[in-house]
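Okay, let's get going. I'll put the structure up and walk you through a handful of spots in it.

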Amino acid sequence: ARALREEAVDRAGKWRPDEWRRISIDRLLRRKSPALVRLLLGPEFLGATEEPIRLLAIEALGRFGDTRTETEGSGDAVEILCEELRRIDPEESPKLTASLAEALATLADPRTFEILGDWLVDREDFGPSRRRAIGRLASVPIPSSMEDGGPNAPREPGEFLRRANLFVAQNLWERACGDLDRVIEAEPSNVTALVLRARAWVERKDETAALRDLDRAVEADPASPQGYYERAKLRNRLHHWSASEADVERAIALEPSNAHYIFLRGQNRFELKRYADALADCQEALRLRPELANAHTQIARILWGAGQLDRALDEFTQAITLGTGDESEIYLYRALLHKAMNHPDQAVGDFTRVIEINGSRISAFLQRGQLHEQAGRVDAALADYESCTRIRPDFWQGWYAMGGLLAGLGRREDAILALERAAEAATEKDRPAIRAAIEGLRQ
């Protein structure tokens, strides 16, 4: 182990250090013992100043799966790794943060939630490294001791709120709502609980109930920007652009330097076709939070609309490089821009990336299929159109594209069947053209 320690520093600047680390840990696994675990948890490894040595120790501890061996006065691997995660700055040490989160997720010890506590509560103003770590740790089970009837079960409103946050981290929205109901029953003006329950209502597709809770949050504390901002987000989602802008203006008045508030105002202004104001808001949001990838995406859309395609392409690429936004959305926009700029190969590559991230994105299948068809790759095009209709059988555009391709291949009966499916699902406006295409094939 000590020989590997010295080699870790030397390997860090050379080819494929991650692969070397994996092979080295495989060697350590064959010699796993309590003594080795204690060595890795101690000052020579986890407590070292050199990051490559610490990464070696963290990954090895995760793969060892030993949650029982304790060091003198410091606890076992789970306790020490959790405290290390709490201690470091995730944005200054993104590799260590990711490695610690991966090791703890692999160990899957329920105590992780008890030890980390509020560190696991996701917030929009957290940096990307911390938010990714929180997402990875969502797979760790909540300890049975925190369930109702357990020794650490919540009793006070604050404890129920804490457990609700843990349920939210695991997307257990109904269970979160149960705890939030108890908090709000005891403290009807608890803004944090009202906002969190509103998020749960949104996840459960009840926007009316969500708005009701957000109205209560604003009324309970008019001096808090939280309620205004969450209500603005929901109204933006419901396409109530002006109402959303009014709410976010109130939030900005209370917290003028919040990049997320300013960016949301820019999104509303974009939808209201006030492009100069939207651009200014996005640029200001990036000045405050340079890692805000979605602001680059919004700037790219504005530049695209203004005909500045090369600059728009650069902004989409910058958003992807940051890796902190909705990646499938950003790749989709860049793919469509490549298509508009007549870059078919790059567009196919980006549509493929969208599908790899989100395999149910039917628009990516359709657009990629059209590019395959234009390039003469008919089998690939047909497979993409079939994927569209398999994922969503009422997606008439997929059936229509399939019918056109089959007609071009001389498969008249198959083409008619596909077009009939398209006509069944199409809007009243589009149905006549599809019927005309069917009649044309029958004649």
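Let me start with the cysteines. Cys177 is buried, since its relative accessible area is 4% and buried means under 20%. Cys388 is buried as well, at 0% relative accessibility. And before somebody asks how many disulfides the structure holds: the number is 0.

I should say right away that this is a predicted model, so take everything here in that spirit.

Now the overall picture. The chain has 443 residues, and 48% of them are buried. In terms of secondary structure, you're looking at 25 helices and 2 strands. If you draw a box around the C-alpha atoms along the principal axes, you get roughly 85 × 55 × 45 Å. One more global number, for the contact-map people: take the contacts with a sequence separation of 6 or more, and 53% of those are between residues 24 or more positions apart.

Okay, on to the N-terminal side and helix α3, which covers residues 34–41. Which of its residues are buried? They are Leu36, Val37, Leu39, Leu40 and Leu41. And what do those buried residues pack against? Quite a list: the helices α1 (2–12), α2 (17–29), α4 (51–64) and α5 (77–87), plus the strands β1 (70–71) and β2 (75–76).

Let me pick α4 out of that list. The axes of α3 and α4 come within 9 Å, with a crossing angle of roughly 145°, and α3 passes α4 in a left-handed crossing. On the α3 side, the contact is made by Leu36, Val37, Leu40 and Leu41, and on the α4 side by Ala57, Ala60, Leu61 and Phe64. How do these residues divide into nonpolar, polar and charged? You get 8 nonpolar, no polar and no charged. For the spacing along a helix, remember that an α-helix has 3.6 residues a turn, so residues three or four places apart point the same way.

Next helix pair: α13, residues 225–237, and α15, residues 259–271. Here the axes come within 11 Å and cross at roughly 30°. Angles under 35 degrees count as roughly parallel, and α13 and α15 are therefore roughly parallel to each other. The crossing of α13 past α15 is left-handed. From α13 you have Pro225, Gln226, Tyr229, Ala232, Lys233 and Asn236, and they meet His260, Tyr261, Leu264, Gln267 and Asn268 in α15. The residues of this contact divide into 5 nonpolar, 5 polar and 1 charged.

Just past that, have a look at Lys273, in the loop between α15 and α16 (275–288). Lys273 isn't a glycine, but it has a positive phi of about 65°. Buried or exposed, this Lys273? Exposed, because its relative accessible area is 60% and the cut-off for exposed is over 50%.

There's another residue like that further along the chain. Asn342 has a positive phi of about 60°, and again it is not a glycine. Asn342 sits in the loop between α19 (327–340) and α20, and with a relative accessible area of 63% it is exposed too.

Now α20 itself, residues 344–357, which is where you find Ala347. Ala347 is buried, with a relative accessible area of 0%. Which residues does Ala347 touch, if you skip those up to four places away in sequence? That would be Ala335, His338, Lys339 and Leu371. For scale, Ala347 and Asn165 are 182 residues apart in sequence, and their C-alpha atoms are 40 Å apart in space.

Then His372, in helix α21 (residues 362–374). His372 is buried, at 10% relative accessible area. Leaving out neighbours within four places in sequence, His372 is in contact with Val348, Arg377, Ala380, Ala381 and Asp384. From His372 to Phe160 you go 212 residues in sequence and 54 Å in space, C-alpha to C-alpha.

Last stop: a loop residue, Ser145, between α8 (128–137) and α9 (157–169). What's the relative accessible area of Ser145? It's 15%, so Ser145 counts as buried. Not counting residues up to four places away in sequence, Ser145 touches Glu114, Gly150, Pro151, Asn152 and Ala153.

That's my tour, thanks for listening.

Methods:
Residues are numbered from 1 along each chain as its sequence is written. This is a predicted model: local features need pLDDT of at least 70, side-chain atom pairs count only at pLDDT 80 or more; totals for chains, interfaces and linings use all residues. Side-chain values use heavy atoms; hydrogens and water are left out. Axes are lines fitted to C-alpha atoms, for helices over the stretch in contact, and angles run from 0 to 180 degrees between N-to-C directions. Helices (H or I, at least four residues) and strands (E, at least two) are DSSP runs, numbered from the N terminus. Angles under 35 degrees count as roughly parallel, over 145 as roughly antiparallel, 65 to 115 as roughly perpendicular and the rest as oblique. A crossing is left-handed if the near helix is turned anticlockwise from the far one by less than a right angle, and right-handed if clockwise. Contact means heavy atoms within 4.5 Å. Ala, Val, Leu, Ile, Met, Phe, Trp, Tyr, Cys and Pro count as nonpolar, Asp, Glu, Lys and Arg as charged, and the others, Gly among them, as polar. A disulfide is a pair of cysteine sulfur atoms within 2.5 Å. Buried means under 20% relative accessible area, exposed over 50%, partly exposed in between (1.4 Å probe, protein chains only).
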